[in-house]
Amino acid sequence: METVKIAIMGFGTIGSGIAEVLEKQRNVIISRTGRVYEVTKILDIRDFSLHPMKDRFTKNIEDILNDDSISVVAESIGGTKPAFEFVMSCIKAGKHVVSSNKELVATKGVEILKAAQEAGVGFLFEASVGGTLPLISSITGILQANSISKIDGILNGTTNYILTNIEKKKISFEHALERAQDLGYAETPDPSADIDGHDAARKIAILASLLYGYHMPVSRVATEGIRGVSSFDLELAQNLNGTIKLIASCYGDNYGQARVSVRPAYIFKTHRLASVDDVNNMVLLDCNMSGIVSVYGRGAGKLPTAAVMVGDIIELTQRSDFSQLLWDSELVLDADRQEQPLRYFVTVYSDNKKLITKLVEQVDAGSITDNSAAFFTSRIMRSEAEKLKKKLETYNVTVKLYEVVEE
Ligand code: HSE
C-alpha cells in the first residue's frame, strides 16, 4: 500500500488535531483512498520531548525541505511570519501545501498561488474560511457556473459563541470569551482578531477574492467588531423579534463596486442566520442560477478544522492536475462603491428615565424599558443615520446604530 508522508508546521490546536484525525480515521481513510497518510515530521519551536511522537519533532524547516519523501505539508502556524516564508520554501521544494491560515491567505494568497502554479504543486486552504464549512470548494466547484452577487454570513465562531452566550445564558462578555478560549475557538493568545472583526474580515476578503478573481485587500473591508454590543442591546433586539450577530457581507456584481464589510448587525428572528448559535457558522450565497445556497457547520475547533485540512491533503494526493484557481493582484480603480439606503436598529440608553420618556415621544420607539428604548429607522443613507445619532446624543444619552440585514 502506498504511504503518503506528511509534515505538519505548527503543532498547536489545529496542527495536533491533524495528527489526531489521521490516527482516529486511519482505517476509514485507508478504505477510501487505498493509501496510508503518515506524519513523519513536525515543525514547532516548543519543547515536545515528552510527546509520544517526540522523534518526529524538529525546530529546523530544512529537515522538511530536504526530505524528498515528504509530499504534503500542512501549515497551521498562523500569522504570516514565519508562515509565509516556510510555505513558499515548501512550494519551491516541490511539496503540496494545505493551510488553515486566513491571515496568510488573505494577505499573501496572490503570491502563494502563483508560486504553486509555477512549481506545479497544489495549495489548498479550505479550512481558512469558516472552519469545517465547504465554502471555497463550493464557490470554485459546483457553484462555479453561477454569478454570486451577495454573500451574508457568520464567519467567526468565537464572537458568535460570545453573543449567543450573553443573550441566551446571560453570562458576561469576559466569561463567554474565556469559555471560547478554553474550547480552542479563539485566536490565541490575543483574541482581539476575533473580537474586533479582523478574523471575519480576512475570511470575507478571501471569499471576495475568489468571487471576483482579484485580490481583495483586508483594508477594503469596512470592519467593526463586537466590543460595543451590550447585553442591553441584545435584550432590546430580542424584544423587537430579532437578534444581533457579527455579519460578514460582500455585495456587488464586480470587484470595483463590491461592498465588503464585517459589523454587528440586527437580523430578524426569521432570517436564516438568526438561528445560528454558539461556534457554528453559516454563509448564504445568493447565486443567480442556483438561488440562495446556505452552508452551515462548525466554524472553529480542533477536530472539525483539522478534518477539513486532512480532506485537503487527501484531495491533493488524488489530483493529477494542479493548474489551480488563481486570483490576480489588486485591481487599482477609482472606488465607485455606491452606498445603499438601509434600515437601522437604534438603541438609546440613559439613567435618566424622564429623558427616555421625552425621547420616546419624538421617535416611534418599538421597545422601551425604564432606561432604554429601541426603534427602527426607515431606509436611510448611513450619513443620515449618523446625523440622527448625533442629534439624539445632544440629549446626553448613549446611542448605537445597527444596520438591519435582510434576506
Ligand atoms: N478564531 C476563529 C473563529 C477560528 O473563532 O472563528 C476559526 O477560523
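Here are two short exercises on this predicted model, each with a worked solution.

Residues are numbered from 1 along each chain as its sequence is written. Local features need pLDDT of at least 70, side-chain atom pairs count only at pLDDT 80 or more, and totals for chains, interfaces and linings use all residues, while side-chain values use heavy atoms, without hydrogens and water.

**Exercise 1.** Work out which residues of helix α13 are buried and what they pack against.

*Solution.* Start with the helix, residues 353–362, a DSSP run of H or I with at least four residues (strands: E, at least two). Buried means under 20% relative accessible area and exposed over 50% (1.4 Å probe, protein chains only). L355, I356, L359 and V360 are buried. They cover an arc of only 135° around the axis, taken from the directions from the axis to the C-beta atoms, so they sit on the same side of α13. Next, turn to the other side of α13: K354 and E361 are exposed there. Finally, look for contacts (heavy atoms within 4.5 Å): the buried residues pack against β13 (344–349), β14 (367–368), β15 (372–376) and α14 (382–393).

**Exercise 2.** Find which residues have a polar side-chain atom close to a ligand nitrogen or oxygen, at 2.6 Å or 2.7 Å.

*Solution.* First list residues with a heavy atom within 4 Å of the ligand; among them are K102, N156, T158, Y185, E187, D194 and K203. Then apply the polar-contact limit, N or O atoms within 3.5 Å. T158 lies 2.6 Å from a ligand oxygen through a polar side-chain atom. For E187, a polar side-chain atom is 2.7 Å from a ligand nitrogen, and D194 likewise places one 2.7 Å from a ligand nitrogen.

Note on methods: A polar contact is a pair of N or O atoms within 3.5 Å; within protein, one must be able to donate a hydrogen and the other to accept it, and residues adjacent in sequence count only if both atoms are side-chain atoms.
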